[in-house]
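Subject: Handing over the model

Hi,

Here is the structure I promised to pass on to you. Please open it alongside this message, and then read on for what I found in it.

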Amino acid sequence: MADMRMVVMGAGGRMGRALIKAITETPGLKVCAALEREGAATLGKDAGELAGVGALGVPVTDDALKAVVEADGIVDFTAPAATIAMVALAAQARIPHIIGTTGLEEADLAKIAAAARHAPIVRSGNMSLGVNLLAVLVQKAAAALGPDWDIEVLEMHHRKKVDAPSGTALLLGEAAARGRKIALAEHSVRARDGITGERRAGDIGFATLRGGSVIGEHSVFFAGSGERIMLSHHAEDRSLFANGAVKAALWARGRKPGLYSMLDVLGLND
């Protein structure tokens, strides 16, 4: 089978460069296009040289339509507006779209779900094996411990991250909510300030830290009477997210249209 031709979105950014490197190092995949926003300083530069893997003969472009026409798949860790524009093109082309973008609103998720009727889409707040295994453990712990245990999600990222809570924190919160068979939206507490009153039973709290160059740290606390359990994940290299994304791309090739998660890719969705 011919190599799967991949479009890398946000090619000039840190994750974009990590994705280019991961694709070039993965048998069965190759970079066919590298996209950046209009006016980006990296336009015209060779994608491989940007990623430190040597020239690939693939210049960074802002022509998304041309890129998709020649592609077999898309990897996308960008911003909501860019992702939603691209998901429509992926649906038209009937090619897999791997989405690691965070900060998506309910309206964005609805558009992604609609596009998934025409193309296979893998969307996750985190593409790493460790985080997705952690989510499974969180769900099982929430189900086993029951509502008498309080759940708090703590996350820390670098100073340049623009959305909060992180997509991974929300992924973990959703896992806890599934374990309790409740809707996260009805029990999520995102901020506490001033006289907040006593903690409401059943809430799932989120706390956010920002600073330095932290790639990603997440902990889920289960606090009971007289004891506490903490489940944690610490990301030390962005390559782990890129490696998960390329694994998802290979998995999605030839799949029927649908909205999938990394739990599907990793065989953890039981």
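Below I go through the two sheets, the helix packing and two individual residues.

Before anything else, please keep in mind that this is a predicted model.

**The parallel sheet**

Let me start with the sheet of seven strands. It is open, its order is β3-β2-β1-β4-β5-β6-β12, and the pairing is parallel. At the edges stand β3 (60-61) and β12 (258-260); each has a single partner strand, so one side of each is left without a neighbour in the sheet. If you want a spot to look at within it, try the pair β4 and β5: three bridges join β4 to β5 (residues 97-99), and the two strands run parallel. Asp76 has Ile99 in β5 as its bridge partner.

**The mixed sheet**

There is also an open sheet of five strands, in the order β8-β9-β7-β10-β11, and here the pairing is mixed. Its edge strands are β8 (188-189) and β11, each of which pairs on one side only.

Working across from β8, two bridges connect this strand to β9 (residues 204-210), and the pair runs parallel. Val189 is the residue that stands opposite Gly205 in β9.

On the other side of the sheet, β7 and β10 (residues 216-223) run antiparallel and are joined by seven bridges. Asp150 faces Ala223 of β10 in that pairing. The next pair, β10 with β11 (residues 228-235), is antiparallel too, with eight bridges. Ala223 turns up again here, since its bridge partner in β11 is Arg228. β10 and β11 make a hairpin with four residues between them, and in the turn Gly226 has a positive phi of about 85°.

A helix covers part of this sheet: α7 lies across β7, β9 and β10, and runs at about 165° to β9.

**How the helices pack**

Two helix pairs are worth a look. Two packed helices are described by the angle between their axes and the distance between the axes.

The first pair is α6 (residues 129-145) with α7, whose axes are 7 Å apart at an angle of about 30°. That makes α6 roughly parallel to α7. The crossing of α6 past α7 is right-handed. On the α6 side the contact includes Val131, Leu134, Ala135 and Val138, and on the α7 side it includes Leu171, Leu172, Ala175 and Ala176. Sorted by class, the residues of this contact are ten nonpolar, four polar and two charged.

The second pair is α1 (residues 14-24) with α9 (residues 239-252): their axes come within 9 Å and cross at roughly 55°. The two helices are therefore oblique to each other. This crossing, α1 past α9, is right-handed as well. Met15, Ala18, Leu19, Ala22 and Ile23 of α1 meet Phe241, Ala242, Asn243, Ala245 and Val246 of α9. The residues of this contact comprise nine nonpolar, one polar and no charged.

The spacing along α1 is easier to follow with one reminder. An α-helix has 3.6 residues a turn, so residues three or four places apart point the same way. The buried residues of α1 are Met15, Gly16, Ala18, Leu19, Ile20, Ala22 and Ile23. These buried residues pack against β1 (4-8), β2 (29-35), α2 (47-51) and β4 as well as α9.

**Two loop residues**

Finally, a pair of residues that you may like to compare. Asp72 sits in the loop between α3 (64-69) and β4 (73-76). Is Asp72 buried or exposed? Its relative accessible area is 19%, and because the cut-off for buried is under 20%, Asp72 counts as buried. Beyond its neighbours within four places in sequence, Asp72 is in contact with Asp3, Met4, Arg5, Ile95, Pro96 and Arg253.

Arg159 lies in the loop between β7 (150-157) and α7 (167-180). With a relative accessible area of 62%, Arg159 is exposed. Setting aside its neighbours within four places in sequence, Arg159 has contacts with Gly211 and Gly212. For a sense of scale, the C-alpha atoms of Arg159 and Ile20 are 24 Å apart, and the two residues are 139 residues apart along the chain.

Happy browsing, and all the best!

Conventions:
Residues numbered from 1 in each chain as written. Predicted model: local features only at pLDDT ≥ 70, side-chain atom pairs only at ≥ 80, totals over all residues. Heavy atoms only, no water. Buried < 20%, exposed > 50% of the residue type's maximum accessible area, 1.4 Å probe, protein only. Contact = heavy atoms within 4.5 Å. Pairing = 2+ DSSP bridges. Axes fitted to C-alpha atoms, helices over the stretch in contact; angles between N-to-C directions. Parallel < 35°, antiparallel > 145°, perpendicular 65-115°, else oblique. Left-handed = near helix turned anticlockwise from the far one by under 90°. Nonpolar A, V, L, I, M, F, W, Y, C, P; charged D, E, K, R; others polar.
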